[in-house]
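Dear colleague,

I am passing on to you the structure we spoke about, and below it I have set out what was found. Please read the notes with the structure open beside them.

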Amino acid sequence: MSEFLGIGLVTMSTPPVLANVTGTCNDYNPKCIHRAQKVLFFIAMALIAVGAAGNLVSVKPFLDEQRNDNELDSTNAGVREICKLPAFVVVAIVPIVGAVALPYVKPWSLRFGIPAICTAAAMFLFLSGVFLRGSWAYKEMKPQGSPITSVCRVFFAAACKISLPFPDDHQYLYKENGGNEGFSHTRILRCMEKAAIIPPNTSPETASKSWRLCSISEVEDAKIAVRMLPISTTFIVVGIVSSFGNTYFIEQANRMNRRVGKWNVPLQVLLLLSQWAKHLLFASNARRLIKSHRKYGPAIGMGMAMIFSILCCITAAKMELRRLGVIEKHGLLEKPDSKIPMSVFLLLFQFFLLAGLDTFFEMSVAEFYKDQSPKCMSNYLSHFAKGVSGLGFMSSVLSVYVVGKVSEAGGGKSWFQSTLNKSRLDRYYWVLAGLGCVNLVVFVLVACCYRYRTPEEADGDVNHPGRGGTSIPPDENGSNQCCNLFG
């Protein structure tokens with residue numbers, strides 16, 4: 001709904017649509033854009049962002065809820081499988097048609113209007129399942145509760161009992177269902193274990209309802225989530241580089257020679273080729289690398305993604321320097337709208353490296369959180385990783401501002417000017433390549449200190465602390481023999 005409203009408002013923000021209402025001209029000219037249309041545009045951007053984020057985190061869980069293994073034996077199973085075929089065809093063909101055909105639609109009102117109509121049709125088909133009855137209706141699932149609430153409860157309960165000493169007897173620790181649970185002792189996170197201390201003169205049932213008491217298993221789950229924060233923060237730089245595909249790379253390609261014979265290749269084809277590279281070139285290799293060593297494979301895959309980000313920045317810097325050389329040679333510095341006699345297909349190298357970055361990063365992070373996070377938090381932490389990566393997209397704007405201000409220091413000229421021809425994106429790419437190298441070193445240090453769960457623990461929580469297994473034996477100082485910070 002949010003995405004449909006957003007695309008609809010973008011369509012309405014184009015000059016011809018509301019020209020009669022606003023009293024402005026209907027030409028695609030800055031003077032013909034009324035203030036109300038600008039307001040509609042920015043509201044639409046926010047709605048599209050909310051809709052895209054909602055689809056990203058809810059579509060897969062929704063499909064998993066609707067899937068039922070028992071249906072394979074039902075009489076409708078064959079019909080359902082046949083009905084999936086048109087959906088797969090549409091998913092495969094629509095991006096190709098959109099990438100090739102939409103650029104030839106000149107009026108922007110139609111360029112946005114056609115996707116708005118398609119989105120409305122998709123929304124109608126989706127909502128039809130709400131009103132249908134029988135085997136075609138959606139299954140209604142009751143809310144299961146959020147593990148994020150459990151993490152908040154652990155912090156709150158630990159803060160309420162921060163002054164209480166640790167009991168010598170484990171009978172004063174709250175264990176769910178009377179299980180044989182134990183803590184994995186960590187030096188820096190041990191303060192969170194106070195959340196499991198049963199307050200004096202209080203029954204466990206009363207304290208747990210008031211958020212003042214958590215079980216050992218809940219504390220252990222929260223500790224695992226906190227231990228993942230340092231490694232997750234290294235994803236921000238990866239997100240900054242990943243944002244280039246839809247921003248600076250497209251701007252670089254916009255005025256370059258895009259002709260193949262008599263066909264002027266649309267810019268969307270570059271993004272489509274990048275997506276194909278993800279699935280055809282890198283996906284199988286990334287999957288093979290991650291599955292080759294289940295315990296450390298995801299970490300190696302994330303390291304590979306960061307190496308791809310560094311190589312992508314270096315390649316982009318080299319190509320941008322070459323593009324600026326062509327601009328200077330042909331005297332196009334003051335002609336931002338002129339075509340640059342340089343083939344756009346030279347940028348395919350950086351687009352393919354970006355595809356490798358996205359593929360290794362997405363698959364490795366998903367597998368990392370699947371294996372290393374508690375079962376009840378795996379879905380949430382994977383969305384958290386996407387949020388951190390998305391923070392990198394937003395940080396790219398901040399990085400441009402900071403780098404621009406630093407480049408102006410001492411009376412110098414900013415690397416970011418009013419046009420791309422006058423800017424020095426190559427230097428910005430080199431800065432991010434250096435930042436990526438530092439980020440890779442930090443990631444390696446954090447990944448080496450992190451205590452990884454074994455495949456047995458990931459599959460069934462065997463010997464997993466807080467799940468009825470044995471806790472990790474401490475050394476003579478009372479801490480794990482692994483890194484004290486993340487062990």
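**What was found**

In this predicted model, the largest nonpolar core has 64 residues, and those with the most contacts inside it are Phe244, Phe249, Phe368, Tyr428 and Tyr429. Two or more residues of this core come from each of helix H10 (235-242), helix H11 (248-254), helix H12 (267-292), helix H13 (297-329), strand S4, helix H14 (348-372), helix H15 (378-408) and helix H16 (425-449). The largest share, 14 residues, is given by H13.

Phe249 may serve as a way into this core: leaving aside its neighbours within four places in sequence, Phe249 is in contact with Phe244, Cys312, Ala316, Leu347, Gln350, Phe351, Leu354 and Tyr429. There is also a second, separate core of 17 residues, which includes Met192, Ile216, Ala225 and Val226.

For the protein chain as a whole, the secondary structure comes to 17 helices and four strands, and buried residues make up 41% of its 487 residues. Of the contacts between residues at least 6 apart in sequence, 78% join residues at least 24 apart. The chain exposes about 26800 Å², of which carbon and sulfur atoms supply 65%.

Two of the helices can be set side by side. The 25 residues of H14 should span 36 Å at 1.5 Å a residue, and its end C-alpha atoms are 35 Å apart, which agrees; since 19 of those 25 residues are buried, H14 is largely enclosed by the rest of the structure. For helix H6 (residues 147-160), the 14 residues should span 20 Å at 1.5 Å a residue, and the end C-alpha atoms are indeed 20 Å apart. The buried residues of H6 are Pro147, Val151, Arg153, Val154, Ala157 and Ala158, and because they cover an arc of only 160° around the axis, they lie on the same side of H6. As background, an α-helix has 3.6 residues a turn, so residues three or four places apart point the same way.

Turning to the strands, S1 (residues 256-257) and S4 (residues 340-343) run parallel and are joined by two bridges, with Ser343 in S4 as the bridge partner of Asn257. Along S4 the side chains alternate, so that Ile340 and Met342 point to one face and are buried, while Pro341 and Ser343 point to the other and are not. In a regular strand, such alternation between the two faces of the sheet is the general pattern.

With best wishes

Notes:
Residues are numbered from 1 along each chain as its sequence is written. This is a predicted model: local features need pLDDT of at least 70, side-chain atom pairs count only at pLDDT 80 or more; totals for chains, interfaces and linings use all residues. Side-chain values use heavy atoms; hydrogens and water are left out. Buried means under 20% relative accessible area, exposed over 50%, partly exposed in between (1.4 Å probe, protein chains only). Two strands pair if DSSP finds at least two bridges between them. A nonpolar core is a set of buried Ala, Val, Leu, Ile, Met, Phe, Trp, Tyr and Cys residues joined through side-chain atoms within 4.5 Å. Contact means heavy atoms within 4.5 Å. Accessible areas come from the Shrake-Rupley method with a 1.4 Å probe; for residues, only the protein chains shown count as cover. The expected span of a helix is 1.5 Å times one less than its number of residues. The arc is that of the directions from the helix axis to the C-beta atoms.
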